[in-house]
Amino acid sequence: MVGFWHRLGTKGKALYSATLSPPFSSPLTLPHIWVPTQTPNRPLSSGFHRATGQTRSAAEIMSGKPIAKDIKLRVAAEISRMKAAIGRLPGLAMVLVGYREDSHAYVHIKLKACNEVGIETSIVQLPQDCTQDRLIDVVSSFNSNPSVHGIIVQLPLPEHLDEETIINFVSPEKDVDGFHPLNMGNLALRGREPLFIPCAPKACIELLLRYRVEIIGKNAVVIGRSKIAGLSTSLLLQRHHATVSTLHSFTNNPEQITRRADIIVSDVGIPNIVRCDWLMPGAVVVDMGTNSVKDPNSPRGFRTTGDVCYEEAIKVVSAITPVPGGVGPVVISMLLSNTLDSAKRAYGFT
């Protein structure tokens with residue numbers, strides 16, 4: 001197979017820890033040894049092919065819901081402690097442009113999560129034909145507002161707006177999405193520490209380590225190189241001393257590369273692009289894709305699926321994240337964590 005996105009369409013000994021990106025510590029540090037936010041309740045029952053030399057009879061389902069719940073509880077407790085000590089709360093501002101249903105749904109989920117843990121929120125909704133100058137003015141106003149500690153410009157933006165220009169206008173100190181060039185650049189450079197790590201990759205690594213997936217020295221393949229997930233996931237896996245390959249729309253014969261991978265992370269937005277013949281027996285799969293597929297049997301007329309054909313993969317791999325319910329809930333909890341970290345840094349609260 002040559003140029004697989006061209007054929008199907010285009011979208012767009014180290015452990016992980018919350019000390020790298022803790023829900024509770026500020027300033028953020030990126031040590032070379034990363035520990036998960038909480039020790040997993042149990043290891044995977046039979047280990048992983050090539051990771052431990054053992055095999056499994058059934059794949060482990062790596063649910064993100066209990067991890068997200070734990071992180072949210074910890075964030076809420078820390079916010080309560082901050083309020084009691086200094087009378088302050090974290091503040092998150094969101095900017096939504098246009099009328100995309102998926103963007104509105106994502107913002108609603110984020111607002112609900114913030115309300116649950118005690119983060120104050122502000123939202124500005126702008127019309128589809130909003131000018132770039134108007135959007136920059138809104139972002140600049142949040143940059144200068146001391147009660148706002150995090151700013152999200154919901155992506156994607158309408159085509160007439162330059163996403164990179166807008167992202168560059170977000171203050172790096174409030175860039176809780178982690179997309180600003182300063183934060184992305186510091187993530188890429190060994191010895192540097194970004195103020196924020198993008199939430200999706202941060203969630204991916206947290207989930208892997210919570211389930212005791214060994215990363216050091218393993219072959220990892222990331223399918224996709226978007227700034228939201230693919231690129232920064234590759235950088236984080238390298239921080240954990242994995243040997244990382246990145247697949248993209250110009251990659252030839254991608255299935256030959258994925259079949260050698262101990263860990264596969266996919267985020268391309270193409271339903272079921274990763275089939276069982278792409279996977280090495282015993283591999284670990286993190287499916288970060290979120291796709292709506294028509295389903296006449298669903299009350300909504302569609303169902304949500306990932307990039308990986310789950311029904312096939314579960315027969316081959318040793319562990320896999322479900323869609324929905326895998327990485328997604330942890331991504332939201334990491335946004336809350338980043339916002340808390342920003343507020344603690346702003347107030348000098350430890």
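How many nonpolar, polar and charged residues does the lining of the largest cavity have, by class? I opened this entry with that question, working on a predicted model.

**Cavity.** I found 6 nonpolar, no polar and 2 charged residues in the lining of the largest cavity. I listed the lining residues as Ile151, Val153, Leu155, Ile167, Val170, Asp175, Asp177 and Phe179. For the space inside the largest cavity I noted about 70 Å³.

**Cores.** I then turned to the largest nonpolar core, which has 53 residues. Within it, I recorded Met62, Leu92, Leu208, Leu237, Ile263, Val286 and Met288 as the members that touch the most others. I placed this core between domain 1 (41–62 + 211–328) and domain 2 (86–177), because both give residues to it. I noted another core of 20 residues lying apart from it, with Leu126, Val139, Phe142 and Val170 among its members. Val170 I had already entered as one of the residues lining the largest cavity.

**Isoleucine 263.** I looked up its contacts, leaving aside neighbours within four places in sequence. Ile263 is in contact with Leu208, Val213, Glu214, Ile215, Lys218, Asn219, Ala220, Val221 and Val284.

**Glutamate 120.** I located this residue in strand β3, which covers residues 120–126. Is glutamate 120 buried or partly exposed? I entered it as partly exposed, because its relative accessibility is 45%, between the limits of 20% and 50%. With neighbours within four places in sequence left aside, I found Glu120 in contact with Leu89, Pro90, Gly91 and Leu92. For proline 90 I also noted the C-alpha to C-alpha distance to glutamate 120, which is 6.2 Å at a separation of 30 residues in sequence.

How values were computed. Residues numbered from 1 in each chain as written. Predicted model: local features only at pLDDT ≥ 70, side-chain atom pairs only at ≥ 80, totals over all residues. Heavy atoms only, no water. Core = buried A, V, L, I, M, F, W, Y, C linked by side-chain atoms within 4.5 Å. Buried < 20%, exposed > 50% of the residue type's maximum accessible area, 1.4 Å probe, protein only. Domains from an automatic or database assignment. Contact = heavy atoms within 4.5 Å. Helix = DSSP H or I, 4+ residues; strand = E, 2+ residues; numbered from the N terminus. 1 Å grid on protein atoms, 1.4 Å probe; cavity = no way out; pocket = protein on both sides within 12 Å on 5 of 7 lines; lining within 4 Å. Points joined across faces, edges and corners; volume = space filled by probe spheres on them. Nonpolar A, V, L, I, M, F, W, Y, C, P; charged D, E, K, R; others polar.
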